[in-house]
Amino acid sequence: MRIRRKLALRKRQVLVFFVLLGLAQTGTESLHYSIAEETEIGSFVANLANDLGLEVEELSAREARVVSDDNEKHLYLNLLTGNLLLNERLDREELCSSTEPCLLHFQVVLENPLQFFQIELHVRDINDHPPTFLDAEILIIISESTTVGTTFLMESAQDLDIGSNGLQNYTISPTSHFYIKIQDNGDGRIYPELVLNRALDHEKESELRLVLTALDGGSPPKTGTTQLLIQVLDINDNAPHFAQGVYQVQVLEDAPVGSWITTISAKDLDTGNYGKILYTFFHASEEIRKTFEINPISGEVYLRSQLDFEAIQSYSLNIQATDGGGLSEKCTLLIKVLDINDNPPEVSMSSITRTIPENATETLVALFSVRDQDAGDNGKMVCSIQEDVPFILKPTFKNFFTLVSEKGLDRETRAEYNITITVTDLGTPRLKTEHNISVQVSDVNDNAPTFTQASYTLFVRENNSPALHIGTISATDRDAGTNALITYSLLPPRDPQLALASLVSINADNGQLFALRALDYEALRAFEFRVGATDRGSPALSSEAPVRVLVLDANDNAPFVLYPLQNASAPCTELVPRAAEAGYLVSKVVAVDGDAGQNAWLSYQLLKATEPGLFSVWAHNGEVRTARLLGERDAPRHRLLVQVRDNGEPPLSASVTLHVLLVDGFSQPYLPLPEVAPERAQADSLTVYLVIALASVSSLFLFSVLVLVGVRLCRRGRAASLGRCSVPEGHFPGHLVDVSGTGTLSQSYQYEVCLTGGAGTKEFQFLKPIVPNLQVLDSGRNMGEKDNFGNCFDFESQQNNFL
């Protein structure tokens, strides 16, 4: 049994040797023939017996036969004659498409002994196809502002023939606006470009219809035509722009029909209709149009028919983007069809660095090697990482790669990177292996503290308690750890006179500001200073921010009465004639408040009066006026207590006492009640009042003497019953001011009136200025009349001695 097995094995080895020997001989004997396409069936190609140096009978004896590479029976061998004949019509375009030369490979097999002969048949092209346009009408949109000489891309015609029989020229008619420019892209094909020869005018011609003719080089030439529609639009000055001139994608040959391949996107800076982009194929063959389709709106490319790697390994798609104004741009989409693959790549890590400083560049992160057990293209690998990480892959030795940082990192932007190393082979379907690496970025003090506000404004109410928290200054630091710890401090003020250290303090840890003492709005209404924030890095970084503190007013000042004077040595008494009508201006209370805002708004109120209802006080201006006509029964002297109150919370007030003396027959300028009180009385200075009083005292004194003399003569009998009147010493300020601006005369004077009530001659004593000692003009009657004082009206200004 063992001997038989050895003999069988030797026979197989001998047979394999002879087969290999025959194949080797085949490579050395090759026959070349040529024939035109579309030749009739049965046409003579060659005589194989003569070309091979064999007898005709030998072909039959050795069972000669012709075998093609594609298993198609294009040729027939007549064993009786040794002639090689056409078995079918050959269509070069169907067999070889645009490949030139079009070669068909055959093998002639002879047996006994086994022998192979290589035959190469060249199928020559004939002019059997006219140029054809895939579109019956080509639409081109052109702006009227397009300059002369501008070229426009157009769809080219398709001619299945090649060489001189292929597409040779284009013509356009009828037009004087355009001419055709022929372009050769270097691949043996020509493309037409429409060139503007004369400026367009949208107002004259909104569209043009032309005929585009394509001619081949045959004799006679064959032609193909299409309609060319030119639409003239208004101005559009921005053409679409692709981010890339060439896009490359790879598609598995078993991808399902209708699957998305890629999205081509262009941008147009124009707006409206001019910014809308339409995507189309141009210069695309019929094969491309059958295999792919593009969404004209989104630019998404989809698979239209099944791919076949054995038929076509790659596609080049020319894509045109045209905006609403007719401007266009093109790009190229390269689609590579891949074969299947069954072994994924392997990644072997040699070293990994998990933490790198943020300011380091070209830092080695990982060293690794890749391998794939497949062979050929299926064993070739592509190693990559995602695009959104600042790292790059560098090939080193053979299949080793290094992963390094591309530039200095910023921990504040991103503190951790998850890097995915993707190793993909070139097989079909593509298999890949992913390896994830997590890299931590350590912090470096490269960020100064940043305040949450560019400036701060704080509000503090006056009379605050010491150590009051008035606000918080906050800053952040994008660093981490000790580099992010912030210390706050007060910077020296720019105003050297500002004692900042006695006003505020700051908590160095949290930025809280405290008022060290009570603030007074009337003394210091606002102050400014700067706060610094310093981190604890090395070196330390800092920043500063201005702070403005506004002191808010509190109602801590009661109203102060300027008139009537409260500290005068003599009381303040106002004289009112009994003939005064209702609304007669008696006096005006003038007061001020040291506060501000509504805390300084003053109102006046009559608290007490000797005879209620006789006098009234205006709430807003402090004017004291008669409320009704004076009668004979009204008391001759009155005491009015007026309260001045501010509008604060709680409100503060002050009071003043006015003494009013009713005088019979004393004529005063009448101050009528104003119909409309002014909204705001003009505040006169106290100095102005004093000057006016000094200037008018002498003239008013003389005028008063004359008036009183007349009154005395007319009403001597009634005055006698009143007795004598003595006025105390001291200043007697009268104050009648027309705050309504009606021009009422201001009066400020002192006088003395004495009326004798005895049984004598009822004489009238002349008025005289009041001096420290009371004197009588008639020296002969001095002592006697002093004893006869019947009544004396004491004019007092003290607030607490009248009622």
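**A walk through a predicted, strand-rich model**

T262 is found in strand β17, which covers residues 260-263. The model in which this threonine sits is a predicted one. T262 has a relative accessibility of 11% and therefore counts as buried, the cut-off being under 20%. Leaving aside residues up to four places away in sequence, T262 touches V249, G299, E300, V301 and L333. One of these contacts, E300, belongs to strand β21, whose range is 300-303.

From there the view can be widened to the protein as a whole. The protein has 803 residues, and 42% of them are buried. Its secondary structure comes to eight helices and 49 strands. Contacts between residues at least 6 apart in sequence can be sorted by separation, and 69% of them join residues at least 24 apart. The exposed area is about 42,900 Å², and carbon and sulfur atoms supply 53% of that area.

Strand β21 also marks one end of the loop that holds D308; the other end is β22, residues 314-323. D308 has a relative accessible area of 35%, so this aspartate is classed as partly exposed, between the limits of 20% and 50%. The C-alpha atom of D308 is separated by 9.4 Å from that of L252, although the two residues are 56 residues apart along the chain.

Strand β22 leads on to the largest pocket. The volume of this pocket is about 1,400 Å³. Several elements give two or more residues to its lining: α4 (92-96), β10 (167-173), β12 (190-196), α5 (286-291) and β22. The lining comprises 39 residues, and those nearest the pocket centre are S97, S98, Q158, R189 and S285. Sorted by class, the lining has 16 polar, 13 nonpolar and ten charged residues.

The backbone has a few places worth checking by eye. Most residues other than glycine have a negative phi, and most peptide bonds are trans. H283 has a positive phi of about 55 degrees although it is not a glycine. This histidine is placed in the loop between β19 (277-281) and α5, and α5 is among the elements named for the pocket lining. H283 is buried, because its relative accessible area is 9% and the limit for that class is under 20%.

N112 also has a positive phi, near 50 degrees, and is likewise a residue other than glycine. The place of N112 is in the loop between β6 and β7. With a relative accessibility of 61%, N112 counts as exposed, because that class begins over 50%. The peptide bond from N112 to P113 is cis, with omega near 0 degrees. P113 lies in the loop between β6 (102-110) and β7 (115-124). A further cis peptide bond runs from S538 to P539, again with omega near 0 degrees. P539 is placed in the loop between β39 (526-535) and β40 (542-552).

The last stop is the aromatic side chains. A pair of aromatic rings is described by the distance of the centres and the angle of the planes. The structure holds six aromatic pairs, one of which is formed by F368 and F401. The ring centres of F368 and F401 are 5.9 Å apart and the planes meet at 15 degrees, so the pair is stacked, the limit for that class being under 30 degrees. F368 lies in strand β26 (residues 364-371) and F401 in strand β29 (residues 400-405), so the pair ties together parts that are 33 residues apart in sequence. F368 has a relative accessible area of 0% and is buried. F401, at 16% relative accessibility, counts as buried too.

F451 and Y456 form another aromatic pair, and this one is edge-to-face. Their centres are 6.3 Å apart, with 75 degrees between the planes. F451 is buried, with a relative accessible area of 11%, and Y456 also counts as buried, at 5% relative accessibility.

Notes. Residues are numbered from 1 along each chain as its sequence is written. This is a predicted model: local features need pLDDT of at least 70, side-chain atom pairs count only at pLDDT 80 or more; totals for chains, interfaces and linings use all residues. Side-chain values use heavy atoms; hydrogens and water are left out. Helices (H or I, at least four residues) and strands (E, at least two) are DSSP runs, numbered from the N terminus. Buried means under 20% relative accessible area, exposed over 50%, partly exposed in between (1.4 Å probe, protein chains only). On a 1 Å grid over the protein atoms alone, a cavity is a set of points where a 1.4 Å probe fits but cannot get out, and a pocket is an open set with protein on both sides within 12 Å along at least five of seven lines; lining residues have an atom within 4 Å of a point. Grid points are joined across faces, edges and corners, and a volume is the space filled by probe spheres set on the points. Ala, Val, Leu, Ile, Met, Phe, Trp, Tyr, Cys and Pro count as nonpolar, Asp, Glu, Lys and Arg as charged, and the others, Gly among them, as polar. Contact means heavy atoms within 4.5 Å. Accessible areas come from the Shrake-Rupley method with a 1.4 Å probe; for residues, only the protein chains shown count as cover. Rings of Phe, Tyr and Trp (its six-membered ring) pair if their centres lie within 6.5 Å; planes under 30 degrees apart count as stacked, over 60 as edge-to-face and the rest as tilted.
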